[in-house]
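User: I'd like to go through the labels on this one and see what each of them rests on. Can you take me through the reasoning?

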Amino acid sequence: MKLSDYALKQLSKVVCGDEGGTKYFKGQELADLFNRFGERDIYDFGNGGLPKIEGDDRNPSRKDYTFNKLKKFNESEKLKNLIEFVALQSLNDPLDAMNK
């Protein structure tokens with residue numbers, strides 16, 4: 001499946017858990033989430049948290065990091081699997097998803 005940048009921006013909010021209805025992922029949890037799907041990122045709290053995005057000297061926000069990863073996964077089976085995983089996480093703990 002190929003999603004537009006607009007769709008990926010909207011999806012990044014859902015994956016982060018910022019829109020409600022899905023599990024809220026902290027920075028460390030986002031890095032762990034994408035590592036489950038083949039990434040090898042290290043969350044380093046002492047060095048700004050999430051790893052820098054190529055071409056940018058700043059550490060990204062959770063949404064920017066997620067958007068960058070979703071863009072990388074676009075048109076791959078990884079994107080579909082990640083969306084399903086996030087949805088299942090929210091179904092397994094609906095109170096957590098609703099309280100965020």
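**Labels and the values behind them**

Analyst: Sure, and keep in mind that this is a predicted model. Let's begin with Asp-56, which is partly exposed at a relative accessible area of 27%.

User: Why is Asp-56 called partly exposed?

Analyst: Buried needs under 20% and exposed needs over 50%. Asp-56 has 27%, so it lands in between and gets the middle label.

User: What makes Asp-56 and Arg-58 a salt bridge?

Analyst: The closest N and O atoms of Arg-58 and Asp-56 are 3.1 Å apart. The cut-off is within 4 Å, so the pair qualifies. Arg-58 itself is exposed, at 60% relative accessible area, because the bar for that label is over 50%.

User: Which residues are joined into one network by salt bridges that share partners?

Analyst: Glu-39, Asp-41, Lys-69 and Lys-72. The structure holds 10 salt bridges.

User: How do you know that Lys-69 and Asp-41 belong on the salt-bridge list?

Analyst: Their side chains meet at 2.9 Å, N to O, and the limit is within 4 Å, so they count. This pair links distant parts of the chain: Lys-69 sits in helix 3 (residues 62–73), Asp-41 in the loop between helix 2 (27–36) and helix 3, and they are 28 residues apart.

User: Are those two partners, Lys-69 and Asp-41, buried or exposed?

Analyst: Buried. Lys-69 has 8% relative accessibility and Asp-41 has 18%. Buried means under 20%, so each of them gets that label.

User: What about Lys-23 and Glu-29, what makes them a salt bridge?

Analyst: Their N to O distance is 3.5 Å. With a limit of 4 Å, that is therefore a salt bridge. Lys-23 is buried at 18%, while Glu-29 counts as partly exposed at 28%, because the line for buried is under 20%.

User: Why is Thr-22 called buried?

Analyst: Its relative accessible area is 10%, and the label needs under 20%, so Thr-22 is buried. Thr-22 lies in the loop between helix 1 (5–16) and helix 2.

User: What makes the link from Thr-22 to Val-14 a polar contact?

Analyst: The side chain of Thr-22 reaches the backbone oxygen of Val-14 at 2.6 Å. The distance limit is 3.5 Å, so the pair falls within it.

User: Why are helix 2 and helix 4 (77–92) called oblique?

Analyst: They pack at an angle of about 130 degrees, with their axes 10 Å apart. Roughly perpendicular covers 65 to 115 degrees and roughly antiparallel needs over 145, so this angle fits neither and helix 2 and helix 4 are oblique to each other. The crossing is right-handed, and the contact is made by Leu-33, Phe-34 and Arg-36 of helix 2 and Leu-82, Phe-85 and Val-86 of helix 4.

User: How do you know that Phe-67 is buried?

Analyst: Phe-67, which is in helix 3, has a relative accessible area of 13%, under the 20% mark, and therefore counts as buried. Leaving out residues up to four places away in sequence, Phe-67 touches Asp-5, Leu-8, Lys-9 and Ser-12.

User: And what is the phi of Glu-75?

Analyst: Positive, about 70 degrees, although Glu-75 is not a glycine. Glu-75 is found in the loop between helix 3 and helix 4. At 54% relative accessibility Glu-75 is over the 50% line, so it counts as exposed.

Note on methods: Residues are numbered from 1 along each chain as its sequence is written. This is a predicted model: local features need pLDDT of at least 70, side-chain atom pairs count only at pLDDT 80 or more; totals for chains, interfaces and linings use all residues. Side-chain values use heavy atoms; hydrogens and water are left out. Buried means under 20% relative accessible area, exposed over 50%, partly exposed in between (1.4 Å probe, protein chains only). Helices (H or I, at least four residues) and strands (E, at least two) are DSSP runs, numbered from the N terminus. A polar contact is a pair of N or O atoms within 3.5 Å; within protein, one must be able to donate a hydrogen and the other to accept it, and residues adjacent in sequence count only if both atoms are side-chain atoms. Axes are lines fitted to C-alpha atoms, for helices over the stretch in contact, and angles run from 0 to 180 degrees between N-to-C directions. Angles under 35 degrees count as roughly parallel, over 145 as roughly antiparallel, 65 to 115 as roughly perpendicular and the rest as oblique. A crossing is left-handed if the near helix is turned anticlockwise from the far one by less than a right angle, and right-handed if clockwise. Contact means heavy atoms within 4.5 Å.
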